[in-house]
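Hi,

Here is the structure I promised to pass on to you. Have a look at it first, and then read my notes underneath.

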Amino acid sequence: MAGYGVATWAGLEEEAFTLGVLLALAAEAAGGQHHHLVAVQTPVSLVMMTPIARALHGRGPLPAAADVGLRVMRRPPLHRGELPGMVGQELADLIRPGLPAQAGILAVASCPGVTDVLLAASGAPHWREAADAVAQPSLTAAKLRETARHPSSFTYWS
C-alpha cells in the first residue's frame, strides 16, 4: 500500500482526536515512523466555514496537517448539492462574479492548506463547471474573510 488516509466528519474539528494522535497510531501500527498515513479528509463548505476561518488564523487541523506533510482533502464543497440553491447572487458575486454555482467550490479550493477538493457530479457539464471553478485564481485570505462575514452568508466565524 502506497498510502492511506483518515476521513472524519467532525473528529478533527471538534478535537475528538488530534493529528498527533493519528500519527502516533499510524506509527504504532506500522512498527515505526515509516507509516503510510498520507491524507486526512474533513468537511468544509460555505455552510461549514469554521475550518476555513481557523486555517486563516493558522489554527486547526488544516495548518497542522500541512506542517506534517499530509494531504488535506475537503468535502462536500457544495454541501451535498444543496449549496447552489442556497447561495444568493450577491454572495456568489462577492466570491467571484460569473461563477454562481462554482463559488462554493472556489471558496473551498482557496482554503489555506487544502490540497484536494473531492467532488461528485451528475454529469459532464457539472464536471466542466467544477474544473472551471478550480482553474480560477485562488481567493485571497482577505476575500475569504469577507465572504465569511457577508450578511447573507450562513457561516460561523470564529
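Below is what I found, starting with the overall picture and moving on to single residues.

**How far to trust it**

Keep in mind that this is a predicted model. The average pLDDT of the protein is 83, and 87% of the residues score at least 70. Confidence peaks in α1, with a mean of 93, and drops to its lowest in helix α4 (residues 83–86), with a mean of 66. As a rule, predicted coordinates should not be read in detail where pLDDT is low.

**The overall build**

The protein has eight helices and four strands. If you walk along the sequence, you pass them in the pattern β-α-β-α-α-β-α-α-α-β-α-α. Of the 158 residues in the protein, 42% are buried. Now take the contacts between residues at least 6 apart in sequence: 76% of those join residues at least 24 apart.

**The sheet**

The four strands make an open sheet in the order β1-β2-β3-β4, and the pairing is parallel. At its edges sit β1 and β4, each of which pairs on one side only.

Try following β2 (residues 37–43) on your screen. On one side β2 runs parallel to β1, joined by four bridges. With β3, β2 pairs in the parallel sense over five bridges. A handy residue to click on is V40: V6 stands opposite V40 in β2, and V40 in turn stands opposite V72 in β3. Is β2 mostly covered or mostly open? Mostly covered: six of its seven residues are buried. The helix α1 lies across β1 and β2, and runs at about 145° to β2.

While you have the strands in view, one general point helps: in a regular strand, side chains alternate between the two faces of the sheet.

**The salt bridges**

How many salt bridges does the structure hold? There are four. The general idea is that side chains of opposite charge can pair when their charged atoms come close. Here are three of them, one by one.

Start with R54 and E13, whose side chains meet in a salt bridge at 2.9 Å, N to O. R54 belongs to helix α2 (residues 50–56), while E13 is in the loop between β1 (4–7) and α1 (19–30), so this pair ties together parts that are 41 residues apart in sequence. Both R54 and E13 are buried.

Next come R71 and D116, with a salt bridge between their side chains at 2.6 Å, N to O. What does this pair tie together? R71 is in strand β3 (residues 71–75) and D116 is in strand β4 (residues 116–117), so the link is between parts 45 residues apart in sequence. R71 counts as partly exposed because its relative accessibility is 40%.

The third one, between E146 and K143, has its closest N and O atoms 3.9 Å apart. Both residues belong to helix α8 (residues 141–149); because they are three residues apart there, about one helical turn separates them. E146 has a relative accessibility of 42%, so E146 counts as partly exposed. K143 is partly exposed too, with a relative accessible area of 24%.

There is also a small network: salt bridges that share partners join E13, E15 and R54.

**Two residues to click on**

E15, from that network, sits in the loop between β1 and α1. Is E15 buried or exposed? With a relative accessible area of 54%, E15 is exposed. Its backbone is worth a look as well: phi of E15 is near 60°, a positive value in a residue other than glycine.

The other is T147, which you will find in helix α8. T147 counts as buried because its relative accessibility is 1%. The T147 side chain reaches the backbone oxygen of K143 at 2.8 Å. K143 therefore turns up twice in these notes, once in the salt bridge with E146 and once here, where its backbone oxygen is reached by T147.

If you want a route through the model, go from the sheet order β1-β2-β3-β4 to R71 and D116, and finish in helix α8 with T147.

Cheers

Key
Residues numbered from 1 in each chain as written. Predicted model: local features only at pLDDT ≥ 70, side-chain atom pairs only at ≥ 80, totals over all residues. Heavy atoms only, no water. Helix = DSSP H or I, 4+ residues; strand = E, 2+ residues; numbered from the N terminus. Buried < 20%, exposed > 50% of the residue type's maximum accessible area, 1.4 Å probe, protein only. pLDDT = per-residue confidence, 0-100. Pairing = 2+ DSSP bridges. Contact = heavy atoms within 4.5 Å. Axes fitted to C-alpha atoms, helices over the stretch in contact; angles between N-to-C directions. Polar contact = N/O pair within 3.5 Å; in protein donor to acceptor, adjacent residues only side chain to side chain.
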